[in-house]
Amino acid sequence: MQKKVKLVLFFFCLGMWFCNAQSVFGRWKTIDDRTGNPKGIIEIYQKDGLMYGKILKIVEKGKENAVCIKCDGDLKDKPVVGMTIIKDGRKNDDNEWKGKFLFDPEQAMTFRFKIWLNPDDPNELKVRGYLAFLYRTQTWLRYKG
């Protein structure tokens, strides 16, 4: 009987560990914080210890094949799908990722950023963009599709 209790306790602890081991890396559905509508699917990945993110798909109706009209230089009139919108994020001691390159292709603007998992729900990613002392935070949802 005691072996069964220990086995159940072991699997319970193992399950709790896996639940808490969620990562910011993976695929996320972006949600417009003003309209509440889904906009796109972003893949956040790690390369050489740094965080990067690229647009995999646009889900907003009518914008599936959008190009970066407002962009300058090499990005001018390039497809938004495939663009790297997060570069060189670094993890800090608070399990947040911070960096200086969060690109919004609709506005053709680059922001400083902070990204972290919602401590109450590891399937929610908080993405905050800073412009000087102003900021805006979006909640992205883990994408399982």
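**Exercise 1. Place N95 and D77 and check their phi angles.**

N95 sits in the loop between β4 and β5 (97-104). Strands here are DSSP runs of E, at least two residues long, numbered from the N terminus. This is a predicted model, where local features need pLDDT of at least 70, side-chain atom pairs count only at pLDDT 80 or more, and totals for chains, interfaces and linings use all residues. Residues are numbered from 1 along each chain as its sequence is written, and side-chain values use heavy atoms, without hydrogens and water.

Step 1. Read phi of N95: near 60°, a positive value in a residue other than glycine.

Step 2. Recall the background. Most residues other than glycine have a negative phi.

Step 3. Turn to D77. This residue lies in the loop between β3 (50-58) and β4 (84-91). D77 is not a glycine, yet its phi is positive, about 60°.

Step 4. Is D77 buried or exposed, or in between? D77 is partly exposed, at 46% relative accessible area. Buried means under 20%, exposed over 50%, partly exposed in between (1.4 Å probe, protein chains only).

**Exercise 2. Describe the lining of the largest pocket.**

Step 1. Count the lining. There are 37 residues, and K39, D104, P105, E106 and Q138 lie nearest the centre of the pocket.

Step 2. List the elements giving two or more residues: β1 (26-31), β2 (38-47), β3, β5, β7 (121-131) and β8 (134-142).

Step 3. Which element gives the most? β8 does, with 6 residues.

A pocket is an open set of points on a 1 Å grid over the protein atoms alone, where a 1.4 Å probe fits, with protein on both sides within 12 Å along at least five of seven lines; lining residues have an atom within 4 Å of a point.

How values were computed:
Helix = DSSP H or I, 4+ residues; strand = E, 2+ residues; numbered from the N terminus.
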